[in-house]
Amino acid sequence: MAANDMVLCVEMETDEMDVPLDLETLPIRAIPPSQDHVFYPQVSDELKPFKGQEFKTWEEAHVFYTKYASAAGFVVRIGSSRRSRKTNEFIRKEFFCNRQGNGPRELTGNEKRIRGVVREDCKARMIVGRVKTGGFVVNIFDECHNHPMTSPEMRHLVKSNRGHTKAQKLLWQQLSMVNIPTHRQFDILGVQAGGFQYIGCTQQDLYNLERDKRKETKGHDGEMLHDYFQLEQEKDSGFYFTIKADAENKITHCFWADALSRQSYKVYGDVIIFDTTYQTNRYGLIFAPLMGINNHGQTIVFGAAFLSDETADSFVWLLKEFLMAMPGGPPKMIITDQDLAMEKAISEILPDTFHRYCSWHILRKFSEKLDAIKCRDYYEDFRNCIYSSENGEEFDSKWRSVLAKSGLSGHS
């Protein structure tokens, strides 16, 4: 172990057994805090404060003491201060080890959050006072602690040692934009840095970044969405969007489609698929994409919407906006799930369009309508009936056969 990484334990007169100097091999709490032991952090002289040291501002003194604490293995807490009665400027600042003072020893049971740091009446501190020249000078510096320092292997987890570089924050923003989960982002940063201990922050710090980002956008996200759509419209004259809000100015309906999607509808818009099984978590809005299939058998998106509910009125609004945005008139066929409100809206807005139910939704309901044994034994027969029938007569014949075989002849 390097000399700078050692923590010196000075024995005082006691009847207890001797404590070994090599604290690295012991758990961090192997030596309980006691006035019988004092611990002097071993750091280089250029990082260690000294009495009479001068600083231009108290903030500069705070930064210097924090760097010293980071190298030593403890966390700084700002203590009391004193201001001038005439100018109200600081004339005295105190900086302590975060284990200074005596915290509560017993828990009442009403605590919402129990923090890991325990006050142990540590006396380590640095006090600076203002001088006539305008700067600050170290008046008191006590460097001994009554508890072991954080080991070098764990110092990257100390709060004062954690932070994000500009490059890391930029990478976090880019990964968040493509919906990479936070725990995966932390893995990526670890690989990039060569190990989790070299990232400079913890996974919880990334979650805190997300929390702060949400606070920044709270109350402004609807406006940001509108501004984004306007920006897209300026770049692409074919971009179409419309937003509807309620009396409280909250978004209830939103539809958009870009120029490429609208042109794709003109060519491949004979059949559209309308699905509302997707829901956003944060706002409780329903995501409703309108999709189709191109000549390569690939799924293409004609447009998309956010809806606050799945009522007939919401679907009517969406279908009207869809027809207004799309060239070439209404589709020949629309495929949906078995939603009565959607069926009502389609019959009103698309009276000449064939409405068919999605086979995936039908097959998914087998497990809901049948008991587990019948679903297990006859699911493939039902599926084969749907996908392997060439015409209506063949389907009816296979359907009656499967119903008789499964003992469900009473169900039509």
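## Salt bridge of D377 and R376

D377 is partly exposed in this predicted model, its relative accessible area being 41%. The side chain of D377 meets that of R376 in a salt bridge, with a distance of 3.0 Å from N to O. R376, for its part, is exposed, with a relative accessible area of 60%.

## Other salt bridges

In total, the structure holds 11 salt bridges. One of them links E143 with K48, where the closest N and O atoms are 3.7 Å apart. E143 belongs to the loop between strand 7 (136–142) and helix 2 (166–177), while K48 belongs to the loop between strand 2 (37–41) and strand 3 (54–55), so this pair ties together parts that are 95 residues apart in sequence. E143 is partly exposed at 21% relative accessibility, and K48 is partly exposed at 22%. Because the partly exposed class begins at 20%, the values of 21% for E143 and 22% for K48 place these residues in that class.

A further salt bridge joins D187 to R184, at 3.8 Å from N to O. These two residues are 3 residues apart in helix 3 (residues 182–193), a separation of about one helical turn. D187 is partly exposed, with a relative accessible area of 29%; R184 is also partly exposed, at 47% relative accessibility.

## Open antiparallel sheet

An open sheet is formed by 5 strands in the order 3-7-6-5-4, with antiparallel pairing. Its edge strands are strand 3 and strand 4 (76–83), each of which pairs on one side only. In general, the strands of a sheet pair through backbone hydrogen bonds, in either a parallel or an antiparallel sense.

At one edge, strand 4 pairs with strand 5 (residues 90–97) in the antiparallel sense, over 6 bridges. Within this part of the sheet, R83 has F90 of strand 5 as its bridge partner.

## Hairpin of strands 8 and 9

Strand 8 (residues 240–245) and strand 9 (residues 251–257) run antiparallel and are joined by 6 bridges. K244 has H253 in strand 9 as its bridge partner. The two strands form a hairpin with 5 residues between them, and N249 in the turn has a positive phi of about 65 degrees.

## Packing of helices 11 and 12

The axes of helix 11 (residues 372–387) and helix 12 (residues 392–406) come within 9 Å and cross at roughly 170 degrees. Helix 11 and helix 12 are therefore roughly antiparallel to each other, since the crossing angle is over 145 degrees, the cut-off for that description.

On the side of helix 11, the contact is made by K374, Y378, D381, F382, N384, C385 and I386. Helix 12 contributes F395, K398, W399, V402, L403, K405 and S406. By character, the residues of the contact of helix 11 with helix 12 divide into 8 nonpolar, 2 polar and 4 charged.

## Surroundings of L370

L370 lies in the loop between helix 10 (366–369) and helix 11. At 18% relative accessibility, L370 counts as buried, because the class extends to values under 20%.

Leaving aside neighbours within four places in sequence, L370 is in contact with C375, F382 and L408. Of these partners, F382 also takes part in the contact of helix 11 with helix 12. L370 and L408 are 38 residues apart along the chain, and their C-alpha atoms are separated by 9.5 Å.

Note on methods. Residues numbered from 1 in each chain as written. Predicted model: local features only at pLDDT ≥ 70, side-chain atom pairs only at ≥ 80, totals over all residues. Heavy atoms only, no water. Salt bridge = Lys/Arg side-chain N within 4 Å of Asp/Glu carboxyl O. Helix = DSSP H or I, 4+ residues; strand = E, 2+ residues; numbered from the N terminus. Buried < 20%, exposed > 50% of the residue type's maximum accessible area, 1.4 Å probe, protein only. Pairing = 2+ DSSP bridges. Axes fitted to C-alpha atoms, helices over the stretch in contact; angles between N-to-C directions. Parallel < 35°, antiparallel > 145°, perpendicular 65-115°, else oblique. Contact = heavy atoms within 4.5 Å. Nonpolar A, V, L, I, M, F, W, Y, C, P; charged D, E, K, R; others polar.
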